[in-house]
Amino acid sequence: MADTSANGSPAATGGDAVTGGFEALSLVPKAVGRQSMKDFKSDQEVRWCPGCGDYAILAAVQGFLPELGLARENIVFVSGIGCSSRFPYYMNTYGMHSIHGRAPAIATGLAASRSDLSVWVVTGDGDALSIGGNHLIHALRRNVNLKILLFNNRIYGLTKGQYSPTSEVGKITKSTPMGSLDAPFNPLSLAIGAEAGFVARTVDSDRKHLTSVLREAAAHPGTALVEIYQNCNIFNDGAFDVIKDRARAEEAVIRLEHGQPVRFGADGRRGVVRDRATGDLRVVDVTPANEGDLLVHDAHAASPTTAFALSRLADPDTLHHTPIGVLRSVRRPVYDAQMNDQLDTAVRDRGEGDLAALLAGTDTWTVTG
């Protein structure tokens, strides 16, 4: 069993799958012998634009998977449509390049019917939040045992630079020459609103942070959504410069750590407190007078209220006060485990059943001329 906190939530420690640190993968067969990053590289030519952030994410995933110690034939990557959705071609695992927005539905079928698989969804902000929005929210609320990597570059890259559901208001693109009028989705707020048990954000160029978030997502039983800010250097270059440039990121990025006060900036001079009048979260300059009021991050809090408030801190235009890390990691009943329990109970109480008899049962009609 995985380590747990006092309230029964998985501790954010990761661990080795063989030693039981990844409880969510306990039914997946283990690899024979040690694995390396090379084992997860396919023989396909990687065909993204030079400099694309997808390369960094691919390398991080390929470098992280050996930690799980799983048989490669029991790992599946399912994608939809978009630049990110070429991902399965480049993984030396099973995979499926599916249809636009439907990757969570296909992955749900796999995870629900095959508890011996580690199922990952790779999607983009357009694929997941536009045509695929319905499938995404239902996978999250059901809490199927799958991991969703949402590459967010705030643009449609594959179709050459139209605005996406996460593009900021006023965004000038080929499809919005006078500026976008749409209010953008906040993927983390959407996920928390859909009762997702695990919600996190990371950045393509921060390999260490990205790997640590992947580790925690893999350990989580149920659906884990990881938003990854990913630079599209052709159609939206520099969209995340403020959180990637070391000098500016210190003042813009809030690195969340469970159990630690939420502080950021040079020497932790800024912090997050709860406004006593409104209950909202706000950023303050830390002083001896208010230091005791700083919010202590609790990723395992049963209520999603504070996690949602944290997800709303970032300014959608400037990205100032952007939280990264695990916002929420709580235990919820896992859909596929519950479904399999129901099936076992039905077989025990009613027998194996007869599909032909069911199809030709009493609830049928004969239509005559």
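In the next few minutes I will go through the overall build of this chain, its aromatic residues, two of its helices, a small sheet and two backbone oddities.

Please keep in mind throughout that what we are looking at is a predicted model.

Let me start with the chain as a whole, which holds 11 helices and 11 strands. Its radius of gyration is 22 Å, close to the 21 Å that the globule rule gives for 369 residues, so the chain is as compact as a globular protein of that length. If you prefer outer dimensions, the C-alpha trace spans about 75 × 55 × 50 Å along its principal axes. Of the 369 residues, 49% are buried, and the surface that the chain does expose comes to about 17800 Å², with carbon and sulfur atoms supplying 53% of that area. As for how the chain is held together over distance, if we take the contacts between residues at least 6 apart in sequence, 67% of them join residues at least 24 apart.

That brings me to the aromatic residues, where a search of the whole structure finds eight aromatic pairs. The pair I would show you to begin with is F77 and W120, whose ring centres are 5.9 Å apart and whose planes meet at 20°, so this pair counts as stacked. F77 sits in strand β1, residues 75–79, while W120 sits in strand β3, residues 118–124, so the pair ties together parts of the chain that are 43 residues apart in sequence. Both F77 and W120 are buried.

Now compare the pair made by F87 and F151, which is edge-to-face, with 5.9 Å from centre to centre and 85° between the planes. This pair, too, links distant parts of the chain, since F87 belongs to the loop between β1 and β2 whereas F151 belongs to strand β4, residues 147–152, and the two are 64 residues apart. F87 has a relative accessibility of 0% and therefore counts as buried, and F151, with a relative accessible area of 1%, is buried as well. These four residues are part of one aromatic cluster, which is formed by W48, Y55, F64, F77, F87, Y90, W120 and F151.

One member of that cluster, F64, leads us to helix α1, because this helix covers residues 54–64 and eight of its 11 residues are buried, so that it is largely enclosed by the rest of the structure. The buried residues are D54, I57, L58, A59, A60, V61, Q62 and F64, and the elements that cover them include β1, β3, β4, α6 and β6.

How are the buried residues of helix α2 arranged when we look down its axis? In this helix, residues 103–113, the buried positions are A103, P104, A107, T108, A111 and A112. Seen down the axis of α2, they fall within an arc of 150°, so they line one face of the helix. The partners against which these buried residues pack are β1, β3, α4 and α10, and you will recall that β1 and β3 are also among the elements covering α1.

Let me turn to the small sheet, which is open, has three strands in the order β8-β9-β10, and is paired in the antiparallel sense. Its edge strands are β8 and β10, each of which pairs on one side only. Between β8 and β9 there are two bridges, and in one of the pairings R263 has G271 of β9 as its bridge partner. Between β9, residues 270–274, and β10, residues 281–285, there are five bridges, and here R270 stands opposite D285. These two strands form a hairpin with six residues between them, and in the turn G279 takes a positive phi of about 85°.

Finally, which residues have a positive phi although they are not glycine? One of them is N143, with a phi of about 65°, which lies in the loop between α4 and β4 and which, at 0% relative accessibility, counts as buried. Another is H321, with a phi near 70°, and H321 is found in the loop between α9 and β11.

That is what I wanted to show, and I am happy to go back to any part of it.

Conventions: Residues are numbered from 1 along each chain as its sequence is written. This is a predicted model: local features need pLDDT of at least 70, side-chain atom pairs count only at pLDDT 80 or more; totals for chains, interfaces and linings use all residues. Side-chain values use heavy atoms; hydrogens and water are left out. Rings of Phe, Tyr and Trp (its six-membered ring) pair if their centres lie within 6.5 Å; planes under 30 degrees apart count as stacked, over 60 as edge-to-face and the rest as tilted. Helices (H or I, at least four residues) and strands (E, at least two) are DSSP runs, numbered from the N terminus. Buried means under 20% relative accessible area, exposed over 50%, partly exposed in between (1.4 Å probe, protein chains only). Two strands pair if DSSP finds at least two bridges between them. The arc is that of the directions from the helix axis to the C-beta atoms. Contact means heavy atoms within 4.5 Å. The radius of gyration is taken over C-alpha atoms; the globule rule is 2.2 Å times the number of residues to the power 0.38. Accessible areas come from the Shrake-Rupley method with a 1.4 Å probe; for residues, only the protein chains shown count as cover.
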